[in-house]
Amino acid sequence: MSQQDHVDQVLAQWQQQRPDLDPSSTGIFGRLNRMSQIAMRQIESVMLRHGLKSSEFDVLATLRRHNCPLTPTALYRTMMLTSGAVTGLVDRLEARGLVERIASQEDRRSLLVRLTPAGHALIDQAMNEHLANQQQMLAPFSPAQQEQLAMLLRQWLLLNEQDVTNHADKN
């Protein structure tokens, strides 16, 4: 292999310093970590072009994909944030005219959050650019490779994300 990435250099250093170790897992997790950092920078640049932080995009996208008003509780459970964090996000988005709180028809004590027409238009536009950005980042892989990668990552998540969900429920 003629080209080496940063993780290859780390693995070579471990091989030289500690040949008794098998750091091959670092080849996977190190690359996933670096990919995440690089991808998040690119994703955040798209969000900023639409005047959004990633967490604000997540609220708007959650409301858009559910296509109905949600309670703040449903939002924070879907997004795995604290209720206080969601309240602050909804406050900011409401002040910008992107979401509104409405009274629940079923429970007069409860409020629902829904997209305004401006919020709906913004998330649709941002989502189009977000997906194009993701597709561009995955362009080095063929469609079959992308499908295989998605399948492998799904397999890992199915075995491991339950622990994260259980931990979040305990907090």
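**Exercise 1. The nonpolar core**

Of the 23 residues in the largest nonpolar core, which touch the most other members? Work with the structure above, keeping in mind that it is a predicted model.

*Solution.* Start with the residues themselves: within this core of 23 residues, the ones that touch the most other members are L52, F57, V59, L60, L63, L75 and V99. Next, ask where the core comes from in the chain: the elements that contribute two or more residues are helix 2 (24-49), helix 3 (54-66), helix 4 (72-79), helix 5 (83-95), strand 2 (111-115) and helix 6 (117-137). Then look for the largest share, which is the five residues given by helix 3. As background, nonpolar side chains in soluble globular proteins tend to be buried together. Finally, take V59 as an example and leave aside its neighbours within four places in sequence; the residues that V59 then contacts are L75, M79, L89 and L93.

**Exercise 2. Two leucines**

Find the elements that hold L131 and L111, and decide whether each residue is buried, partly exposed or exposed, using the rule that buried means under 20% relative accessible area and exposed means over 50%.

*Solution.* Begin with L131, which has its place in helix 6. Its relative accessibility is 37%, and therefore L131 counts as partly exposed. In sequence L131 is 88 residues away from I43, yet the C-alpha atoms of the two are 9.5 Å apart in space.

Turn now to L111, which is found in strand 2. Because its relative accessible area is 42%, L111 is partly exposed. Along the chain L111 and L138 are 27 residues apart, while their C-alpha atoms are separated by 40 Å. When residues up to four places away in sequence are not counted, L111 touches T71, P72, R101, I102 and A103.

**Exercise 3. Salt bridges**

How many salt bridges does the structure hold? Describe the pair formed by E56 and R96, and then the partners of R101.

*Solution.* The structure holds ten salt bridges. In one of them, the side chains of E56 and R96 meet at a distance of 3.4 Å, taken from N to O. This pair links distant parts of the chain, since E56 belongs to helix 3 and R96 to the loop between helix 5 and strand 1 (99-103), 40 residues apart. The two partners can then be sorted by accessibility: E56 counts as buried because its value is 5%, whereas R96, at 40%, counts as partly exposed.

The next step is R101, whose side chain meets that of D91 in a salt bridge of 2.7 Å, N to O. R101 lies in strand 1 and D91 in helix 5, so this pair ties together parts that are ten residues apart in sequence. With a relative accessible area of 27%, R101 is partly exposed, and D91, with 38%, is partly exposed as well. R101 also forms a salt bridge with E94, where the N to O distance is 2.4 Å. E94 has a relative accessibility of 31% and therefore counts as partly exposed. As a last step, note that D5, D8 and R31 are joined into one network by salt bridges that share partners.

Definitions and conventions: Residues numbered from 1 in each chain as written. Predicted model: local features only at pLDDT ≥ 70, side-chain atom pairs only at ≥ 80, totals over all residues. Heavy atoms only, no water. Core = buried A, V, L, I, M, F, W, Y, C linked by side-chain atoms within 4.5 Å. Buried < 20%, exposed > 50% of the residue type's maximum accessible area, 1.4 Å probe, protein only. Helix = DSSP H or I, 4+ residues; strand = E, 2+ residues; numbered from the N terminus. Contact = heavy atoms within 4.5 Å. Salt bridge = Lys/Arg side-chain N within 4 Å of Asp/Glu carboxyl O.
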